[in-house]
Amino acid sequence: MTTSPPMKSDLLLKGGHVIDPVNGIDEPMDVAVSGIKIAAVAPEIPASMAACVADVSGCYVTPGLIDLHAHAWGSVAAMFPDEMCLPYGVTTMLDAGGSGWRNFAEFRQNRIVPAVTRVFALLNIVGAGMAGDDAEQDVSDMDAGATAEAILARRDIVVGIKTAHFRGPGWENVDRAIEAAERSGTFVMVDQNAVESRTTDQLLEKLRPGDIATHCFAWNKPIIGNDGLVKPHFQSARERGVQFDVGSGNNSFSFSMAKPSIEQGFLPDTISTDTRRKSLLSTFATMPEIMTKLLAVGMSLNDVVERSTITPALQLGHPELGSLSVGADADIAVLELATGDYGLTDGGRTGFRVMQADMRMVPQMTVRNGAVVWDLNGRSLEGWENTPPPDNRLP
Ligand SMILES: [Zn+2]
């Protein structure tokens with residue numbers, strides 16, 4: 001019997017602390033990548049065994065972050081996937097209803113296909129997608145059948161339905177979104193403020209196990225009652241399997257909702273940004289920043305990483321994306337928990353506010369499909385002193 005010599009890997013992340021909830025790892029480990037796959041996760045992998053070695057000591061190494069609510073299409077100041085994801089450790093994003101069945105093909109062609117980031121989509125129940133406030137109120141463009149058909153035609157990308165910003169007195173948007181989800185075997189994500197004729201407790205009762213209520217810590221969808229406690233209908237919806245997503249955004253994350261909820265043990269199922277230009281420029285709604293805010297109000301690092309990796313992967317129906325298992329696609333985030341004096345911002349009824357904090361998560365490196373696509377401190381690069389002399393053959 002012969003044993004083949006161990007293969008040399010392409011990239012070695014050396015000296016970091018791996019947090020990989022799926023594999024129960026929360027300790028110092030090296031991570032080797034060969035081609036587009038995770039090749040090994042082990043306590044000591046020799047530097048000589050890799051073509052490129054990145055010293056990530058002092059950093060956490062996690063599966064690539066998965067942002068379950070962001071905007072790469074539609075009129076809500078959507079951004080290009082790569083620029084809003086890769087510098088922040090995010091390797092997979094879910095576009096939350098920017099397009100509807102009428103314009104998904106255009107979205108796919110212009111934003112999803114060219115992206116390095118892996119992009120999934122929810123179709124808006126409105127055929128035109130997020131084409132402005134008037135369009136989002138147009139009940140005549142909420143076609144459950146056409147939406148379900150469009151989902152089934154691109155089930156590799158489209159994982160569910162979004163309904164948002166509806167101000168009408170009735171339930172047309174929610175009912176048709178659920179009908180489309182039932183016809184396509186998918187889930188619904190809802191962003192809806194209560195009005196007199198349809199309240200949040202009624203909404204949560206309509207949602208099915210696996211459906212998502214987003215903006216769960218928004219001041220205008222208050223999870224905390226006047227008694228300071230998490231409202232009973234949020235608790236009972238969770239017991240039935242309704243999922244609660246952060247969707248931080250511009251003004252949809254309030255410390256005064258998040259802190260008591262978490263202190264009372266009501267943690268968000270998934271952490272997400274609701275990133276678009278406005279939310280980036282107001283409360284810096286990036287994954288590491290929202291993870292920082294949740295750490296600041298009492299969540300553990302393990303809980304925060306789990307709900308930014310494997311939990312959203314399961315919601316997408318792609319459990320293979322949320323881990324550093326050997327053989328998985330090499331999507332990796334390298335995150336530093338820096339210490340210092342920081343201010344973390346939220347949005348609420350009376351405008352933006354700040355919470356003082358002594359740490360901030362800084363995205364140091366992002367690896368997508370085995371390639372280093374973000375490297376803040378050049379950890380994977382050669383020192384500049386090693387640059388070859390310039391070519392001076394021309395005057
Ligand atoms: Zn949104």
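**Group meeting: a walk through the predicted model**

Let's start in the middle. The largest nonpolar core has 111 residues. The residues with the most contacts inside this core are Leu 13, Val 31, Val 61, Leu 94, Leu 123, Ile 332 and Val 334. Keep those names in mind, as several come back.

A word on what you are looking at. This is a predicted model. Mean pLDDT for the protein chain is 95, and 98% of its residues reach 70 or more. There is one stretch to treat separately. Over residues 1-5, pLDDT stays under 50. For residues 1-5 the model also has zero contacts beyond four places in sequence.

Now the overall build. The protein chain holds 12 helices and 17 strands. Its radius of gyration is 22 Å, and the globule rule gives 21 Å for 395 residues, so the chain is as compact as a globular protein of that length. Along the principal axes, the C-alpha atoms fill a box of roughly 70 × 60 × 45 Å. Of the 395 residues, 52% are buried. What about contacts across the sequence? Take the contacts between residues at least 6 apart in sequence: 75% of them join residues at least 24 apart.

Back to the core, and to one residue in it. Which residues does Ile 332 touch, leaving aside its neighbours within four places in sequence? Ile 332 is in contact with Leu 13, Val 31, Val 61, Pro 63, Gly 64, Leu 324 and Val 367. Three of those names you have just heard: Leu 13, Val 31 and Val 61 are on the list of core residues with the most contacts.

Next, the sheets. As a reminder, strands of a sheet pair through backbone hydrogen bonds, either parallel or antiparallel.

Here is the four-stranded one. Its order is E5-E4-E1-E6, the sheet is open, and the pairing is mixed. Strand E5 (37-42) and E6 are the edge strands, and each pairs on one side only. On average, neighbouring strands in this sheet are turned by 20 degrees against each other, direction ignored.

Look at strand E1, residues 9-14. Five of its six residues are buried, so E1 is largely enclosed by the rest of the structure. How does E1 pair with strand E6, residues 50-55? The two run parallel, joined by five bridges. One pair to find on screen is Leu 11, whose bridge partner in E6 is Cys 52. With strand E4, residues 30-34, E1 pairs in the antiparallel sense, over three bridges. There, Leu 12 has Ala 32 in E4 as its bridge partner.

Now the seven-stranded sheet. This one is also open, and its order is E8-E9-E10-E11-E12-E13-E14. The pairing here is parallel. Strand E8 (65-70) and strand E14 (243-244) stand at the edges with a single partner strand each, so one side of each has no neighbour in the sheet.

Inside that order, take strand E9, residues 90-100, and strand E10, residues 118-124. They pair in the parallel sense over six bridges. Asp 95 has Ala 121 in E10 as its bridge partner.

Last, three loop residues. Gly 185 is in the loop between helix H5 (172-184) and strand E12 (187-191). Is Gly 185 buried or exposed? It has 12 C-beta neighbours inside 10 Å, so Gly 185 counts as exposed. Its C-alpha atom is separated by 9.1 Å from that of Val 159, 26 residues apart along the chain.

His 215 lies in the loop between strand E13 (212-213) and helix H7 (232-240). His 215 is not a glycine, yet its phi is positive, at about 60 degrees. It has 28 C-beta neighbours inside 10 Å, so His 215 counts as buried.

Asp 274 sits in the loop between helix H8 (255-263) and helix H9 (277-283). Its phi is near 55 degrees, a positive value in a residue other than glycine. With 29 C-beta neighbours inside 10 Å, Asp 274 counts as buried.

That's the tour. Over to you.

Note on methods
Residues are numbered from 1 along each chain as its sequence is written. This is a predicted model: local features need pLDDT of at least 70, side-chain atom pairs count only at pLDDT 80 or more; totals for chains, interfaces and linings use all residues. The radius of gyration is taken over C-alpha atoms; the globule rule is 2.2 Å times the number of residues to the power 0.38. A residue is buried if 20 or more other C-beta atoms lie within 10 Å of its own, exposed if 12 or fewer, and partly exposed in between; C-beta atoms are placed from the backbone. Two residues are in contact if their C-beta atoms, placed from the backbone, lie within 7 Å. A nonpolar core is a set of buried Ala, Val, Leu, Ile, Met, Phe, Trp, Tyr and Cys residues joined through C-beta atoms within 7 Å. Two strands pair if DSSP finds at least two bridges between them. pLDDT is the predictor's confidence in each residue, from 0 to 100. Axes are lines fitted to C-alpha atoms, for helices over the stretch in contact, and angles run from 0 to 180 degrees between N-to-C directions.
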